[in-house]
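Here's a quick briefing to read alongside the model. Have the viewer open as you go through the points.

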Amino acid sequence: ASPLYSAVFIGGQSKRMGQPKFSLSYQGQSETERMVNMLASFCDQVYLSARQEQDLETIGGLPQCGRINDEHYGLGPVGGLATLMGTHPDKAWLITACDMPFLQEDAIARIVAERDPLRYGTCFLQKGGIGVEPMCAIYEPKFIVPLFEALSRRELSLTRIIKELPFKHVTVTPSDRTHFTNVNTPEEYEVARTQREQEENN
């Protein structure tokens with residue numbers, strides 16, 4: 001199997017949130033830092049997938065990980081992943097987003113353990129097959145070909161690209177679906193922060 005690199009996607013515009021999502025913190029730690037630490041246990045190298053103009057001083061620079069600026073501006077996670085895979089085409093990539101406050105280490109451990117390097121990638125599948133989770137998934141080096149083909153025709157949905165290819169699917173139980181919830185607004189952040197505090201105090 002190819003070496004496994006990982007990236008936390010922090011380049012979203014955060015328009016609905018009103019502040020950069022990558023700097024949101026829970027219990028005094030930025031969510032970006034939590035994700036980096038989690039991925040570091042399973043991957044050879046951790047990067048932040050960022051926009052060039054982003055200033056990361058608010059999260060302290062995170063010296064334990066690298067930074068790769070998106071070369072495909074404004075094309076979302078598809079552009080970010082294309083940049084990562086173009087930079088290190090011989091590596092597999094495990095990606096996550098900085099706005100998934102309920103994603104736990106056991107989900108990362110599971111997808112790494114279930115990885116099938118002979119497929120185009122490995123992803124979680126919601127029960128009943130109603131959808132794949134593109135933002136906590138492993139993409140093998142061969143995925144670069146359909147990814148760049150999709151980019152050339154401006155297909156910007158990782159979910160749709162995955163659905164057209166032989167991916168290994170890891171089933172998610174209904175009780176675990178919330179692990180992949182992302183927060184997009186100040187209201188959702190407040191709910192998530194309260195819930196995280198309750199969980200960590202129990």
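Let's start with one helix: in helix 6, the buried residues are Tyr189, Ala192 and Arg196. Looking down the axis of helix 6, you'd find its buried residues within an arc of 65°, so they line one face of the helix. Keep in mind that this is a predicted model.

**More on helix 6**
- On the face turned away from the buried side of helix 6 sit the exposed residues Glu187, Val191 and Asn201.
- Strand 2 (25-26) and helix 1 (31-40) are what the buried residues of helix 6 pack against.
- The length checks out: at 1.5 Å a residue, the 16 residues of helix 6 (residues 186-201) should span 22 Å, and the end C-alpha atoms are 22 Å apart, which agrees.

**Nonpolar cores**
- The largest nonpolar core has 60 residues, and Leu81, Trp93, Tyr139, Phe143 and Leu158 touch the most other members.
- Strand 8 (residues 132-139) gives this core its largest share, six residues.
- Another core, of seven residues, lies apart from it, and includes Leu24, Tyr26, Phe102 and Val183.
- Leaving out residues up to four places away in sequence, Phe143 touches Leu81, Met85, Tyr120, Leu158, Ile161, Leu165 and Phe167.

**The whole chain**
- The chain has six helices and nine strands.
- A compact globule of 202 residues would have a radius of gyration near 17 Å; the chain has 16 Å, which agrees.
- Buried residues account for 51% of the 202 residues.
- Of the contacts between residues at least 6 apart in sequence, 71% join residues at least 24 apart.
- Accessible surface is about 9,500 Å², with 48% belonging to carbon and sulfur atoms.

Definitions and conventions:
Residues numbered from 1 in each chain as written. Predicted model: local features only at pLDDT ≥ 70, side-chain atom pairs only at ≥ 80, totals over all residues. Heavy atoms only, no water. Core = buried A, V, L, I, M, F, W, Y, C linked by side-chain atoms within 4.5 Å. Buried < 20%, exposed > 50% of the residue type's maximum accessible area, 1.4 Å probe, protein only. Helix = DSSP H or I, 4+ residues; strand = E, 2+ residues; numbered from the N terminus. Contact = heavy atoms within 4.5 Å. Expected span 1.5 Å × (residues − 1). Arc of directions from axis to C-beta. Rg over C-alpha atoms; globule rule 2.2 N^0.38 Å. Areas by Shrake-Rupley, 256 points an atom, 1.4 Å probe, with all protein chains shown as cover.
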